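Please open the model in your viewer and keep the selection tool at hand, since this tour moves from one side chain to the next.

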Amino acid sequence: MASTEGFLTEEQRETLKIATQNAEVLSSSPKSPTSLLSEHYLKVPAGGKAPNVGIAVRHVRRSHSGKLVRVKKDGAGGKGTWGKLLDTDVESHIDRNDPNYDSGEEPYQLVGATISDPLDDYKKAVASIIEEYFSTGDVEVAASDLRELGSSEYHPYFIKRLVSMAMDRHDKEKEMASVLLSALYADVISPDQIRDGFVILLESADDLAVDILDAVDILALFVARAVVDDILPPAFLTRAKKTLPAASKGFQVIQTAEKSYLSAPHHAELVERRWGGSTHITVEEVKKKIADLLREYVESGDAFEACRCIRELGVSFFHHEVVKRALVLAMEIRTAEPLILKLLKEAAEEGLISSSQMAKGFARLEESLDDLALDIPSARNLFQSIVPVAISEGWLDASFMKSLGEDGRVQQEDEKVKRYKEEVVTIIHEYFLSDDIPELIRSLEDLGAPEFNPIFLKKVITLAMDRKNREKEMASVLLSALHIEIFSTEDIVNGFVMLLESAEDTALDILDASNELALFLARAVIDDVLAPLNLEEISSKLPPNCSGSETVRVARSLIAARHAGERLLRCWGGGTGWAVEDAKDKIMKLLEEYESGGVVSEACQCIRDLGMPFFNHEVVKKALVMAMEKKNDRMLDLLQECFSEGLITTNQMTKGFTRIKDGLDDLALDIPNAKEKFTFYVEYARKKGWLLPAFGSSVADASPLPAVAT
């Protein structure tokens with residue numbers, strides 16, 4: 001066997017020879033794959049480049065039938081091909097027992113990993129906290145768990161989850177949810193987050209209504225309760241309505257809250273007791289329990305028992321009341337001061353009363369020192385002696401003294417101001433008993449301190465707010481009497497500014513303070529004590545985001561409502577407010593009777609019988625308007641007689657003329673020569689001495705007419 005042949009057998013040599021001959025024939029064929037590509041696929045236009053299309057030569061083969069076929073890149077498969085190198089029809093199996101087994105040869109499968117969503121985790125965690133709270137009723141634990149959970153940016157979703165879970169349960173859980181919201185407000189959850197949480201609830205009201213039949217009514221009650229508990233401002237309702245579609249369930253919730261709950265008489269008490277849950281306890285009940293436990297502690301001296309009683313109240317957010325009442329008791333019973341200071345120190349060291357609640361209690365007491373001094377003359381001095389002790393022992397933050405120093409609130413006030421406050425409190429109490437406005441005005445004039453008029457306004461409204469509707473009505477009527485008589489518009493404006501600046505502190509003692517202040521403001525506008533533009537002036541003097549600014553906005557919305565005049569005159573349940581409206585009708589009738597031929601003396605007697613001397617400016621105004629309309633100056637004779645008898649004072653005359661002057665442009669729409677007639681009346685009144693010298697007689701575009709003969 002030749003060496004060049006290697007180890008091939010004869011049969012193998014024959015096969016190799018035939019294969020070589022076939023290859024030569026294939027390469028010499030006129031229709032080789034290369035020529036076919038050139039002929040059919042790579043024809044290049046003259047002067048151009050080869051198109052960037054076609055089939056790569058190395059990927060094209062010619063089958064035995066002469067057809068072009070496209071094969072796989074690495075030679076496997078395809079008709080007329082031999083297949084891939086080492087390609088077999090037998091499936092290969094990996095044997096894990098094989099000594100050469102490689103785990104990298106195992107087929108692998110992609111498995112999707114779940115990415116954790118922080119919000120989903122938060123929702124699951126708070127659901128557990130809420131369930132535990134509904135089981136135990138422990139506000140402190142729930143607040144602590146929520147604080148430890150962190151993720152405070154998601155607190156609005158806690159509001160939604162808490163309320164939505166309570167909505168589908170009994171009244172007990174609904175009451176517990178409201179109590180918890182009040183406890184968490186400001187300390188754990190910010191006011192803005194409370195608001196955002198309720199916005200989310202309103203937006204999801206349609207979904208809640210699918211699962212909860214009376215969702216609209218229940219959610220409306222939660223919203224009303226939040227307003228009554230002062231964790232939502234009343235202005236929230238107005239803003240929310242603007243952002244919700246009118247056809248949505250959320251919009252219905254706001255309407256129901258406004259009409260069915262917050263507009264009802266005594267709505268605060270009704271809303272608070274609606275669910276009647278076992279956890280419900282009113283502010284008054286808490287105050288009574290605090291007073292009782294403190295007096296028991298003073299008698300027994302058992303600080304441990306007193307701390308246990310405070311803890312059992314379960315109102316950590318109201319511990320500032322414990323501090324305030326304890327300090328007052330220490331001032332009333334001088335021998336009890338060491339015991340009281342010991343109790344407050346132990347409560348602070350145990351963490352029972354937080355530093356913020358301690359400081360708030362001291363601040364509230366400091367604000368009420370003037371009133372307290374009426375019963376305890378040395379109250380201010382005692383307070384100033386307690387504060388350094390508390391700071392030195394470490395249970396009152398040192399910043400409290402600094403803030404007081406900056407505000408000048410603990411510094412000795414001017415003796416004249418202090419005496420004035422003491423005097424006016426007595427005057428106001430006498431007025432509430434007697435309802436004698438002229439006597440009150442004489443008392444204020446005797447004080448001779450008009451520079452303190454804004455302080456009087458603040459005092460009378462603050463004292464009225466803590467009493468029944470009768471006293472609130474009397475306060476509103478008093479403002480009408482004082483305006484122009486002895487109070488200027490500036491006095492009224494400054495008094496309301498002082499009230500609104502301290503609105504947050506007032507709300508600590510008076511549950512519905514914000515709503516009541518808004519009603520006092522709106523009523524002042526309806527009674528012409530303030531002009532609508534004065535609300536802008538008041539608002540400009542307040543910080544933009546304070547609760548006082550919200551109160552002014554609520555007052556504007558009350559004034560803009562339909563039939564606002566009648567509603568606001570009845571806002572305190574009728575009484576004197578409706579008498580004012582009734583008096584307007586009576587004044588109009590008596591003037592019409594006089595104009596049609598009545599006797600002057602009889603008209604004067606009718607005015608006297610009204611018994612509303614502070615409202616005689618309305619007689620002046622209506623008489624002048626009727627004189628312009630009827631073109632009959634007989635009304636001037638009536639005003640002259642009233643002035644001569646002292647029935648209508650110079651102040652009331654001036655106020656009546658001022659009101660005509662302020663509305664002269666509107667009046668001119670119905671009476672074209674109103675300005676000329678008014679100028680004539682002013683000149684006449686000046687000659688008769690009806691008006692104050694400071695009254696401005698200039699009327700735009702008015703030509704004075706000759707004075708009438710007298």
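## Charged pairs and cysteines

Begin by selecting Arg 659, which is buried, with a relative accessible area of 14%. This is a predicted model, and in it the side chain of Arg 659 meets that of Glu 618 in a salt bridge, with 2.7 Å from N to O. Glu 618 lies in helix H33 (residues 616-630) and Arg 659 in helix H35 (residues 650-662), so the pair ties together parts that are 41 residues apart in sequence. Glu 618 counts as buried at 3% relative accessibility. Now add Asp 528 and Lys 622 to the selection, because salt bridges with shared partners join these two, Glu 618 and Arg 659 into one network.

Next, select Arg 523 and Glu 473, whose closest N and O atoms are 2.8 Å apart in a salt bridge. Arg 523 belongs to helix H27 (residues 513-526) and Glu 473 to helix H24 (residues 469-482), so this pair ties together parts that are 50 residues apart in sequence. Both Arg 523 and Glu 473 are buried.

For a pair inside one helix, go to Arg 308 and Glu 312, which both lie in helix H14 (residues 303-313), 4 residues apart. Their side chains form a salt bridge at 2.3 Å, N to O; Arg 308 is partly exposed at 29% relative accessibility, whereas Glu 312 is exposed at 57%.

Finally, turn to the cysteines: the structure holds 0 disulfides. Cys 642 is in no disulfide, because the nearest cysteine sulfur, that of Cys 604, is 3.8 Å away and a disulfide needs the sulfur atoms within 2.5 Å. Cys 642 is buried, with a relative accessible area of 0%.

Technical notes. Residues numbered from 1 in each chain as written. Predicted model: local features only at pLDDT ≥ 70, side-chain atom pairs only at ≥ 80, totals over all residues. Heavy atoms only, no water. Buried < 20%, exposed > 50% of the residue type's maximum accessible area, 1.4 Å probe, protein only. Salt bridge = Lys/Arg side-chain N within 4 Å of Asp/Glu carboxyl O. Helix = DSSP H or I, 4+ residues; strand = E, 2+ residues; numbered from the N terminus.
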